[in-house]
Amino acid sequence: MGFLNNTTVTVDAILTKKGRELLAQGSNAFNITKFALADDEIDYKLFDVTHPNGSEQYGAVIENMPLLEAFSDENHVMRYKLVTLPKNTQKMPIITVQPATVHFTAGAGLVQPPVTVAPSTANVSDQSYTFILHDQTISTMVVQNPAGGQGGGGATTPFFLGDDDAPNSKTLVAKSVRLQVKPLAAAAGTSSKSTQLTIVGNDTGATISITVKNSVILGTGDQTLFP
């Protein structure tokens with residue numbers, strides 16, 4: 001949803017397909033328990049501390065910027081969500097991950113070992129992460145280090161994929177995950193295939209994506225390297 005103007009507090013809300021389905025069920029099926037705020041359309045570089053009319057006008061340009069009206073394409077709205085951090089936080093959380101990229105290759109007699117992806121968050125800590133593998137035809141993904149002794153499917157932070165990625169995606173909640181290559185079917189002109197692994201801090205909302213590349217092709221002798 002988006003505020004249509006800055007003088008009258010009017011909210012224009014559009015339900016997603018899932019929201020309409022729940023509303024049609026009646027009773028208590030449509031029950032909003034959580035919400036998120038975002039500032040996609042705000043350019044904070046326009047905050048002008050040199051404004052000649054004083055501090056009250058520092059944000060005048062930002063306050064008069066046009067705001068988005070509601071639309072239901074979750075791939076293009078609310079991509080920059082606001083997060084709640086400890087009161088005395090002075091720096092934004094930043095996720096780093098090892099390895100920075102994953103590239104599966106094969107050679108004669110070499111067994112492809114699984115790769116552990118273990119993120120960490122600087123400035124503010126995350127107790128767990130949501131891992132979204134956009135295309136699980138490239139590799140498998142399992143929990144390596146559970147979150148709070150559990151870990152498993154189901155995102156704890158909202159993240160939306162496009163129509164091409166969503167059907168093949170997999171989501172896990174954990175402290176770290178393990179990736180294992182899936183050999184690709186031989187096809188003309190195919191030498192490798194890549195996808196993204198998106199990692200979201202469940203406490204801070206910080207996000208990072210790394211590339212997962214698979215260059216292991218069936219039919220070239222590589223299939224003997226895998227069980």
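# Briefing: strands, contacts and surface

Tyr129 sits opposite Ala174 in strand E9, and that cross-strand match is a handy way into this fold. What you're looking at is a predicted model, where local features need pLDDT of at least 70, side-chain atom pairs count only at pLDDT 80 or more, and totals for chains, interfaces and linings use all residues. Residues are numbered from 1 along each chain as its sequence is written, and side-chain values use heavy atoms, with hydrogens and water left out. The chain carries 2 helices and 11 strands; these are DSSP runs numbered from the N terminus, with at least four residues for a helix (H or I) and at least two for a strand (E).

**Overall layout**

- Going along the sequence, the pattern reads β-β-α-α-β-β-β-β-β-β-β-β-β.
- Of the 227 residues in the chain, 27% are buried. Buried here means under 20% relative accessible area, exposed means over 50%, and partly exposed is in between (1.4 Å probe, protein chains only).

**Strands that pair with E9**

- Strands count as paired if DSSP finds at least two bridges between them.
- E5 (residues 115-122) runs antiparallel to E9 (residues 170-181), and 3 bridges join them. One place to look is Val117, whose bridge partner in E9 is Val177.
- E6 (residues 129-133) also pairs with E9 in the antiparallel sense, this time over 5 bridges. Tyr129, opposite Ala174 in E9, is the residue we started with.
- E7 (residues 139-146) is joined to E9 by 7 bridges, and these two strands run antiparallel as well. Val142 has Arg178 as its bridge partner in E9.
- As a general reminder, side chains in a regular strand alternate between the two faces of the sheet.

**Strands that pair with E11**

- E4 (residues 102-104) and E11 (residues 207-214) pair in the parallel sense over 3 bridges. Val102 stands opposite Val212 in E11.
- E10 and E11 pair in the antiparallel sense, with 8 bridges. The two strands make a hairpin with 5 residues between them, and Gly205 in the turn has a positive phi of about 80 degrees.
- Thr198 is worth a click: this residue belongs to strand E10 and is buried, at 1% relative accessible area. Its bridge partner in E11 is Ser209, and the side chains of Thr198 and Ser209 also make a polar contact of 2.9 Å.
- A polar contact is a pair of N or O atoms within 3.5 Å; within protein, one must be able to donate a hydrogen and the other to accept it, and residues adjacent in sequence count only if both atoms are side-chain atoms.

**Contacts involving loops**

- Ser128 lies in the loop between E5 and E6 and is buried, with a relative accessible area of 13%. The side chains of Ser128 and Asn202 are joined by a polar contact of 2.8 Å.
- The structure has 1 salt bridge, meaning a side-chain nitrogen of Lys or Arg within 4 Å of a carboxyl oxygen of Asp or Glu.
- That salt bridge is formed by Asp135 and Lys193, whose closest N and O atoms are 3.6 Å apart. Asp135 is in the loop between E6 and E7 while Lys193 is in strand E10 (residues 193-201), so the pair ties together parts that are 58 residues apart in sequence.
- The two partners sit in contrasting settings: Asp135 is buried at 10% relative accessible area, whereas Lys193 is partly exposed at 36%.

**Aromatic pairs**

- A whole-structure search turns up 2 aromatic pairs. Rings of Phe, Tyr and Trp (its six-membered ring) pair if their centres lie within 6.5 Å; planes under 30 degrees apart count as stacked, over 60 as edge-to-face and the rest as tilted.
- One of the pairs is Phe47 with Tyr58, with ring centres 5.8 Å apart and planes at 85 degrees, so this pair is edge-to-face. Phe47 and Tyr58 are 11 residues apart, in the loop between helix H1 (17-25) and helix H2 (60-63).
- Phe47 is partly exposed at 45% relative accessible area, and Tyr58 is partly exposed at 23%.

**Nonpolar surface patch**

- Phe35, Leu37, Tyr44 and Leu82 form a nonpolar patch on the surface, with about 500 Å² of accessible area together. Leu37 comes from the loop between H1 and H2.
- Patches are made of residues with over 30% relative accessible area and no salt bridge, with like charges joined within 9 Å and nonpolar side chains (Val, Leu, Ile, Met, Phe, Trp, Tyr) within 5 Å. The areas come from the Shrake-Rupley method with a 1.4 Å probe, and for residues only the protein chains shown count as cover.
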